[in-house]
Amino acid sequence: MRPITRREFMAAAAAAGACALITCPSTPAPAAEKERLNVLMIAVDDLRPELGCYGVRDIKTPNIDRLARNGVLFNRAYCQQAVCSPSRTSFLSGRRPETTRIYNNATDPRTNLKDVVMLPEYFKQHGYFTARIGKIPHDTYNSLVSWDVSEDAGPSAY
């Protein structure tokens, strides 16, 4: 499997965004659905808050800064574990590693969380379109968390 190019990533992201905006014209949306907010979550490995929106003037990040101005900027977000899968499991399940008992990248999240509704599943249950591009779940985790669209960014992402 070859790494995904920037052009392919942008095309996949645009397609996912377009899918999120499309509604079936024959079925009118309920009033509550029309008022529903869009949710965009960006998770990045190894990114310190070295961005313009966090006050760093030497680093130019105009698009992220614009998202931060128009959305929610977290000033106190902490990594639950120093390893990918336990942190992602914690984030997507809303439970700390002490509860999930996931402490490494080799243990599948459903080992101890068989019936826990993960974040994208919660959104799906409430009528949202969910898409993942790149590394949110880790390795076999991809098949254990349900998304409407789930695209890998290629082996270089892992």
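This report describes the overall make-up of a predicted model, then one enclosed helix, a loop arginine and a nonpolar surface patch.

## Overall architecture

The protein chain contains 6 helices and 2 strands, and their order along the sequence follows the pattern α-α-α-α-α-α-β-β. Of its 158 residues, 23% count as buried, while the area that the protein chain exposes comes to about 11,200 Å², with carbon and sulfur atoms supplying 55% of that area.

Among contacts in the protein chain with a separation of 6 or more, 41% are accounted for by residues that lie 24 or more positions apart.

## Helix 4 and its surroundings

Helix 4 spans residues 84-93, and because 8 of these 10 residues are buried, the helix is largely enclosed by the rest of the structure. The buried positions are Ser85, Pro86, Ser87, Arg88, Thr89, Ser90, Leu92 and Ser93, a list in which serine appears alongside proline, arginine, threonine and leucine.

The cover over the buried residues of helix 4 includes helix 5 and helix 6. Just after helix 4, Gly94 adopts a positive phi of about 75°.

## Arg101 in the loop after helix 5

Arg101 is placed in the loop that runs between helix 5 (97-100) and helix 6 (119-125), the two helices that are included in the cover of helix 4. With a relative accessibility of 48%, Arg101 counts as partly exposed, because that value falls between the limit of under 20% for buried residues and the limit of over 50% for exposed ones.

The side chain of Arg101 is joined to that of Asn112 by a polar contact of 3.1 Å. Arg101 can also be located relative to Thr89, from which it is separated by 12 residues in sequence and by 9.9 Å in space, taken from C-alpha to C-alpha; Thr89 itself is one of the buried residues of helix 4.

## A nonpolar surface patch

Leu40, Ile42, Val44, Leu47, Ile64 and Leu67 together make a nonpolar surface patch of about 550 Å². One of these residues, Leu47, is situated in the loop between helix 2 (31-34) and helix 3 (62-70).

Why can Leu47 take part in such a patch? Its relative accessible area is 47%, so Leu47 is partly exposed, and this value lies above the cut-off of over 30% relative accessible area that is required of patch residues.

Methods. Residues are numbered from 1 along each chain as its sequence is written. This is a predicted model: local features need pLDDT of at least 70, side-chain atom pairs count only at pLDDT 80 or more; totals for chains, interfaces and linings use all residues. Side-chain values use heavy atoms; hydrogens and water are left out. Patches are made of residues with over 30% relative accessible area and no salt bridge: like charges are joined within 9 Å, nonpolar side chains (Val, Leu, Ile, Met, Phe, Trp, Tyr) within 5 Å. Accessible areas come from the Shrake-Rupley method with a 1.4 Å probe; for residues, only the protein chains shown count as cover. A salt bridge is a side-chain nitrogen of Lys or Arg within 4 Å of a carboxyl oxygen of Asp or Glu. Helices (H or I, at least four residues) and strands (E, at least two) are DSSP runs, numbered from the N terminus. Buried means under 20% relative accessible area, exposed over 50%, partly exposed in between (1.4 Å probe, protein chains only). A polar contact is a pair of N or O atoms within 3.5 Å; within protein, one must be able to donate a hydrogen and the other to accept it, and residues adjacent in sequence count only if both atoms are side-chain atoms. Contact means heavy atoms within 4.5 Å.
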